[in-house]
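Look at the chain below and follow its path from one end to the other. The paragraphs after it go from the whole fold to single residues.

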Amino acid sequence: MSETAPQISEQNPQTPTLPPPAAPSAKGRGPAWLALLIGLGALGLAGWSAWQLHQQRDQAAQQLTQFQQAGDAAQARVKDTEDRVAKRLAGLPTADDLATQRDLLVSLQGEQQRLSQSLSGLLGKSREDWRLAEAEHLLRLAMLRLSALQDVDSAVALVQGADDILRAQNDPQAFAARGELIKVLEALRGLPQVDRSGLFLQLAALRDQVAQLQMLAPEYILPVETTDTANASDSSRWEALWQELSRYVRIDLHADQDVRPQLAGQSLAQVRLTLALALEQAQWGALNGDQEVYRHALASANEVLDTYFDRDNQAVQAMQKRIGELTGQQVVTRLPGLDDALGTLQAYIKRREAAELAPEGEAEATSEGDGQ
């Protein structure tokens with residue numbers, strides 16, 4: 001064909017020659033590249049989608065595994081719970097057992113109520129018995145206070161306490177015992193008041209005043225000797241001589257009275273001691289309720305004052321007057337006896353104990369017989 005073409009051109013020189021066909025332009029290559037890129041993007045998208053799908057499948061598989069594990073654990077817990085519940089249900093009593101236990105509980109409650117009632121009755125009786133024993137003890141204390149100390153006020157309070165206990169019993173059988181106690185109370189309240197402790201303290205105050213009493217005659221105090229001087233006057237010499245002579249001469253304006261010995265030094269101390277001992281003996285008689293010893297001791301004290309001390313001294317006169325007033329005081333009274341009241345109370349307590357120990361029928365018959 002290459003040879004033919006020049007020939008034709010040579011034969012037809014006038015025929016215009018056609019330009020050679022141009023090479024294909026770049027427009028034809030652009031779509032191809034675009035298609036290639038699209039294909040590559042689609043391929044990458046497909047790969048990414050496949051990878052994502054693979055990841056989702058792995059996550060789903062992991063979640064499914066976790067769900068299966070959680071389900072297995074839940075089933076295990078449920079099984080354990082069922083086992084425990086089954087064990088508890090197996091340990092629970094049956095309906096028959098519950099009925100039996102209910103009957104036992106009802107009977108137990110009844111027995112408990114009866115026991116509480118019996119215990120309340122026993123406690124009430126024991127409390128009353130203790131109160132009666134307390135009344136007897138108070139009465140014995142009153143007897144002791146009267147016999148040992150002759151304390152009338154304390155005895156009245158103790159007997160009144162025993163009577164209050166019997167009154168709280170509200171028992172007709174205690175009428176006789178209360179009657180005896182009231183008799184004792186009225187007898188004690190009618191006694192004169194004897195203040196032994198007051199007499200003891202008054203005598204102690206008088207004994208403290210013994211050391212202040214003066215002797216029968218005044219004591220002469222020697223004057224202070226003055227030294228002789230060569231220049232002394234005649235008058236001073238006569239005064240010194242008169243003072244020396246006055247120590248041996250005494251002028252008594254009451255010569256008609258009895259002459260009594262003058263006490264001084266150790267003799268005065270002995271007389272004061274004798275007076276103090278007499279007052280102490282009177283204190284002992286007042287504290288122990290011995291009227292004879294009390295009066296004899298005060299009489300001895302008055303005699304010592306009248307014999308060895310100055311009657312004109314104001315302190316001696318005051319002490320003599322006070323001793324005379326105390327001599328008339330009573331240190332002992334005639335006290336009523338509490339033996340009858342104590343015996344009646346003990347008899348009432350014994351009858352009450354016998355009634356509590358006896359059966360109900362015998363107790364009712366005993367009470368009816370006592371009422372008749």
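Among the contacts in the chain with a separation of 6 or more, 78% join residues 24 or more positions apart. One pair of residues shows what such a distance in sequence can look like in space: E353 and D129 are 224 residues apart in sequence, and their C-alpha atoms are 8.4 Å apart. E353 belongs to helix α11, which covers residues 339-357. With a relative accessibility of 42%, E353 is partly exposed, because that class lies between the limits of 20% for buried and 50% for exposed. This is a predicted model, and the values here are computed from it.

The chain contains twelve helices and zero strands. Of its 372 residues, 19% are buried. The accessible surface is about 28100 Å², and carbon and sulfur atoms account for 56% of that surface.

Where do the buried nonpolar residues gather? The largest nonpolar core has 27 residues, and those with the most contacts inside it are L139, V159, L166, L181, L188, L345 and Y348. Helices α3 (95-149), α4 (152-169), α5 (175-189) and α11 each give two or more residues to this core. The most come from α4, which gives eight residues. Leaving out residues up to four places away in sequence, L139 touches V159, L181, L338, A341, L342 and L345. Another core lies apart from the one just described; this other core has 24 residues, including L199, V271, L275 and M319.

Helix α5 can be examined on its own. At 1.5 Å a residue, its 15 residues should span 21 Å, and the end C-alpha atoms are 21 Å apart, so the expected and modelled spans agree. The buried residues in α5 are A177, L181, V184, L185 and L188. Seen down the axis of α5, these buried residues fall within an arc of 100°, and therefore they line one face of the helix. F175 and K183 are exposed on the other side of α5. The spacing of residues along a helix helps to explain such a pattern. An α-helix has 3.6 residues a turn, so residues three or four places apart point the same way.

The loop between α4 and α5 contains D171. The side chain of D171 makes a polar contact with the side chain of R352, at 3.2 Å. Leaving out residues up to four places away in sequence, D171 touches Y348 and R352. Y348 has already appeared, as one of the residues with the most contacts inside the largest nonpolar core.

Helix α9 (residues 291-308) can be read in a similar way. Its 18 residues should span 26 Å at 1.5 Å a residue, and the end C-alpha atoms are 26 Å apart, which agrees. Which residues of α9 are buried? They are Q291, Y294, A297, L298, A301, V304 and L305. Seen down the axis of α9, the buried residues fall within an arc of 160°, so they too line one face of their helix. On the other side of α9, the residues E292, H296 and E303 are exposed. At the N-terminal end, α9 is capped by D290: a side-chain oxygen of D290 lies 3.4 Å from the backbone nitrogen of E292.

Technical notes:
Residues numbered from 1 in each chain as written. Predicted model: local features only at pLDDT ≥ 70, side-chain atom pairs only at ≥ 80, totals over all residues. Heavy atoms only, no water. Helix = DSSP H or I, 4+ residues; strand = E, 2+ residues; numbered from the N terminus. Buried < 20%, exposed > 50% of the residue type's maximum accessible area, 1.4 Å probe, protein only. Contact = heavy atoms within 4.5 Å. Areas by Shrake-Rupley, 256 points an atom, 1.4 Å probe, with all protein chains shown as cover. Expected span 1.5 Å × (residues − 1). Arc of directions from axis to C-beta. Polar contact = N/O pair within 3.5 Å; in protein donor to acceptor, adjacent residues only side chain to side chain. Core = buried A, V, L, I, M, F, W, Y, C linked by side-chain atoms within 4.5 Å.
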